[in-house]
Amino acid sequence: MLAKRIIPCLDVKDGRVVKGVNFVQLRDAGDPVEHARAYDAAGADELVFLDITASYEQRDILLDVVRAVADQVFIPFAVGGGVRTLDDFRGILLAGADKVAINTAAVENPALLTAAAEKFGSQCVVVAIDAKRRKTEDERRTTEDERRTTNDERRTTNDGKPASFVLAPSSSWEVYIHGGRTPTGKDVIEWAREVERLGAGEILLTSMDRDGTRDGYDIELTRAVADAVSIPVIASGGAGRLEHFAEAILEGHASAVLAASLFHFGELTIAQVKEYLARRGVAVRR
């Protein structure tokens, strides 16, 4: 078994690390350079840096902060936020990153993935997928008109047959962009397969429903994506206890597990997670 990776994540806004719940209610979590230095010394396998408002604000990523962080780490370093062109890829890599994470621009311009993979190699291209569980069919039937409608009063289609409610999507999750602000209508499983075909070397999969909740990773989501593709999948969103890391790997089939607030606020250490996983029979780098 390949060693599974433990990855701290620096969500950065206005040059500071922040952490919230379900992508909102952000609170300050410290200086990204100090965090990076500490995680490198603590034995993290990789580090992820996401400028979480760059795409929504339609601005370039904070390259000066990226450079400062890169100067402090000697582990693989992935950076995302505001990536729109090949020049953005080049600038981030020249600033010291080993990988570039892309979300919004990948949805809006899928050809960019292929161009980046051909120019810099698939190993540099990480597609970040922010996934949110779709509402159930029952939740769709909430308007006043629908509540008043009886079986005998169902509306009919043009051919006179009873109209059904919206068919369930092919999976239960939808892709969001612009830092979780904008739904795309894209099915997460189909999009994961597509980005692999386009040249992505890895997927960073975040459950928006679990983000910051400490309720555990969305195992169903993680397993569905990991089993649908052959490239590594990083599970993100919801870590709260040691058991959650093992569940994401053993049950969710993730290649790596990412966490933020647990590490930022000193509730767990990288060493504790690795020791626990090793006891559970998971191969980790020590």
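In this predicted model, F49 makes a good starting point for a first look at the interior. Setting aside neighbours within four places in sequence, F49 touches L10, V12, P32, I61, V65, V66, V69, F77, A78, V79 and G80. F49 is buried, because its relative accessible area of 0% falls under the 20% cut-off.

One of these partners, F77, also meets F49 through its ring. The structure holds five aromatic pairs. In the pair of F49 and F77, the ring centres are 6.3 Å apart and the planes stand at 90°, so the arrangement is edge-to-face. This pair joins distant parts of the chain: F49 belongs to strand β4 (residues 47–51) and F77 to strand β5 (residues 77–80), with their positions 28 residues apart in sequence. F77 is buried as well, with a relative accessible area of 1%.

Another aromatic pair, formed by F89 and F120, is stacked, with 6.1 Å from centre to centre and 10° between the planes. Since F89 sits in helix α3 (residues 86–94) and F120 in helix α5 (residues 111–120), the pair ties together parts that are 31 residues apart in sequence. F89 counts as buried, at 0% relative accessibility. Elsewhere, a single aromatic cluster is made up of Y39, Y217, F245 and F263.

Several of these aromatic residues reappear in the nonpolar interior. In soluble globular proteins, nonpolar side chains tend to be buried together. Here, the largest nonpolar core contains 79 residues, and F49, F77, V188, I203, F245 and L277 are those with the most contacts inside it. Helix α8 (residues 188–198) contributes the most to this core, supplying six residues. A second core, separate from that one, has 12 residues, including C9, L50, A78 and A128. A78 thus belongs to the second core, while also being in contact with F49, itself a residue of the largest core.

Attention can now turn from the packed residues to the space between them. Rolling a probe the size of a water molecule over the atoms shows where empty space is left. The structure has one cavity of 30 Å³ or more. The largest cavity has a volume of about 40 Å³, and its lining consists of E46, V48, A78, K99, A101, V126, E202, L204 and I234. Strands of the lining can be traced to β6 (99–102) and β10 (202–207), the elements that give two or more residues to it. By class, this lining has six nonpolar and three charged residues, with no polar ones. A78 therefore has a place both in the second core and in the lining of the largest cavity.

The second largest pocket encloses about 200 Å³ of space. Its lining comprises 14 residues, and K4, I231, P232, V233 and S255 are the ones nearest the centre of the pocket. Seven residues of this lining are nonpolar, three are polar and four are charged.

A final stop is A68, a residue of helix α2 (residues 63–70). A68 counts as partly exposed, because its relative accessibility of 28% lies between the 20% and 50% limits. The C-alpha atoms of A68 and P32 are separated by 8.7 Å, although the two residues are 36 places apart along the chain. P32 is also among the residues in contact with F49, which brings the account back to where it began.

Definitions and conventions. Residues are numbered from 1 along each chain as its sequence is written. This is a predicted model: local features need pLDDT of at least 70, side-chain atom pairs count only at pLDDT 80 or more; totals for chains, interfaces and linings use all residues. Side-chain values use heavy atoms; hydrogens and water are left out. Rings of Phe, Tyr and Trp (its six-membered ring) pair if their centres lie within 6.5 Å; planes under 30 degrees apart count as stacked, over 60 as edge-to-face and the rest as tilted. Helices (H or I, at least four residues) and strands (E, at least two) are DSSP runs, numbered from the N terminus. Buried means under 20% relative accessible area, exposed over 50%, partly exposed in between (1.4 Å probe, protein chains only). A nonpolar core is a set of buried Ala, Val, Leu, Ile, Met, Phe, Trp, Tyr and Cys residues joined through side-chain atoms within 4.5 Å. Contact means heavy atoms within 4.5 Å. On a 1 Å grid over the protein atoms alone, a cavity is a set of points where a 1.4 Å probe fits but cannot get out, and a pocket is an open set with protein on both sides within 12 Å along at least five of seven lines; lining residues have an atom within 4 Å of a point. Grid points are joined across faces, edges and corners, and a volume is the space filled by probe spheres set on the points.
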